[in-house]
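Hi,

Here is the structure I promised to pass on. Have a look at it first, and then read my notes below.

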Amino acid sequence: MAQVADIDLAWDLGSLTVLSHMPYLYLLTTFYAVRPTTLWLGIAIDVASTYFPFMLLRDSSPVHRPEASKGEVANRSILSNSPIKFYTSLLAAAVYGVVIYGSFRSWLPAYLIVHFEGLKDLSGAHEAALPGVIVGFLISGYAAQSFLFIPALGAKPDAHDLKMAEFDPETATLGQTIWYNVWGYSKRSRTLIKRTATLALTSAMQTGLRTYITVEGVELAGAAGWAVMWASTATLLGGILWWVGDVDGVSN
């Protein structure tokens, strides 16, 4: 029950919905002349349908409550710092923006022509400017810091951390040594790893299946390539946020 209580389903599902739906809708608005207002309206409806029911039925997790005490979450002063949240959101938006913009300027246009039959207008890629692309991902950046960074930074050490702290390589068995090297991370790192994997897998499945099934003329390889690009970006972002949180003054 304690583990379930620590999961804020409203925040998590709302943020994950934004991040997993955005690649498919971004494809439609960038290359298929769907209006951006349609994109955000669709995301808003999906978020509202998942966020508000859980918000009404469950209390918020301590990591998302500014009044939560230091005993409830780790790094309380950092989690409640608005400038840190803003800059982390901006960093996440920049990661998405730089990867997508770099793809626009390199392999992606040719890939789309080959695997997206009937797609003729690539002006969305050729005319894109990096600042504009980053600004377009600001909402996604906020969702990413909410889903990845905040829960990881607020995670308090658990029994696993205490067990790993007692690890002695001189007396440990081979199995214990392997387990320590594979999963001997702090609660913060384990939280970030699991959430990054969840985001990457969900983005890949949501994007790949919806693109292949609903967009006419898209080959399986095309849908897979588009999905993998976004899943890889999510994985890269998770690694960068781990590096950002791994500094002096931030408790494990």
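**What I found**

Let me begin with Leu 13, which lies in helix H2. Keep in mind that this is a predicted model. Leu 13 counts as partly exposed, because its relative accessibility is 30%, and the cut-offs for that class are 20% and 50%. Along the sequence Leu 13 is 35 residues from Ala 48, but the two C-alpha atoms are 9.9 Å apart in space.

Now the overall picture. The chain has 13 helices and zero strands, so if you read along the sequence you get the pattern α-α-α-α-α-α-α-α-α-α-α-α-α. Of the 252 residues in the chain, 43% are buried. Take the contacts with a separation of 6 or more: 80% of them are between residues 24 or more positions apart. Several of the spots below are examples of parts far apart in sequence that sit a few ångströms from each other, such as Leu 79 and Phe 149, with 9.4 Å between their C-alpha atoms.

**Helix H5 and its partners**

Ala 92 is a handy place to start in helix H5, which covers residues 82-104. Is Ala 92 buried or exposed? It is buried, because its relative accessible area is 0%. Leaving out neighbours within four places in sequence, Ala 92 is in contact with Gly 141, Ala 144 and Leu 237. Ile 134 is 42 residues from Ala 92 in sequence, with 9.2 Å between the C-alpha atoms.

Also in helix H5 is Tyr 96, which links to Trp 230 in helix H13, 134 residues apart. The rings of Tyr 96 and Trp 230 form a tilted aromatic pair, 6.1 Å centre to centre and with 35° between the planes. Both partners count as buried: Tyr 96 because its relative accessibility is 1%, and Trp 230 because its relative accessible area is 1%.

How many aromatic pairs does the structure hold? There are eleven. Tyr 96 and Trp 230 also belong to one aromatic cluster, together with Tyr 26, Phe 31, Phe 104, Phe 137 and Trp 226. One more ring to look at is Phe 147: Arg 195 lies over its face, 5.0 Å from the ring centre.

**Helix H13 again**

Gly 225 lies in helix H13 too. Gly 225 counts as buried because its relative accessible area is 16%, under the 20% cut-off. Apart from residues up to four places away in sequence, Gly 225 touches Trp 107 and Tyr 111. Leu 108 is 117 residues from Gly 225 along the sequence, and their C-alpha atoms are 9.2 Å apart.

**The cavities**

There are two cavities of 30 Å³ or more. The largest holds about 50 Å³ of space. Which residues line the largest cavity? They are Phe 149, Ala 152, Arg 188, Ser 189, Leu 192, Leu 241, Trp 242 and Gly 245. Helix H9 (138-153), helix H12 (187-214) and helix H13 (220-245) are the elements that each give two or more residues to that lining. Sorted by class, the lining has five nonpolar, two polar and one charged residues.

Phe 149, one of the lining residues, brings us back to Leu 79. Leu 79 is in helix H4, residues 76-79, and it is buried, because its relative accessible area is 0%. Along the chain, Leu 79 and Phe 149 are 70 residues apart.

**One oddity in a loop**

Finally, find Ala 33 in the loop between helix H2 (9-31) and helix H3 (36-57). What is the phi of Ala 33? It is positive, about 60°, although Ala 33 is not a glycine. Ala 33 counts as exposed, because its relative accessibility is 73%, over the 50% cut-off.

If you open the model and want a route through it, try this order: Ala 92 in helix H5, then the pair of Tyr 96 and Trp 230, then the lining of the largest cavity, with Trp 242 among its residues, and last the loop with Ala 33.

Cheers

Notes. Residues are numbered from 1 along each chain as its sequence is written. This is a predicted model: local features need pLDDT of at least 70, side-chain atom pairs count only at pLDDT 80 or more; totals for chains, interfaces and linings use all residues. Side-chain values use heavy atoms; hydrogens and water are left out. Helices (H or I, at least four residues) and strands (E, at least two) are DSSP runs, numbered from the N terminus. Buried means under 20% relative accessible area, exposed over 50%, partly exposed in between (1.4 Å probe, protein chains only). Contact means heavy atoms within 4.5 Å. On a 1 Å grid over the protein atoms alone, a cavity is a set of points where a 1.4 Å probe fits but cannot get out, and a pocket is an open set with protein on both sides within 12 Å along at least five of seven lines; lining residues have an atom within 4 Å of a point. Grid points are joined across faces, edges and corners, and a volume is the space filled by probe spheres set on the points. Ala, Val, Leu, Ile, Met, Phe, Trp, Tyr, Cys and Pro count as nonpolar, Asp, Glu, Lys and Arg as charged, and the others, Gly among them, as polar. Rings of Phe, Tyr and Trp (its six-membered ring) pair if their centres lie within 6.5 Å; planes under 30 degrees apart count as stacked, over 60 as edge-to-face and the rest as tilted. A charge sits over a ring if NZ of Lys or CZ of Arg is within 6 Å of the ring centre and within 35 degrees of the ring normal.
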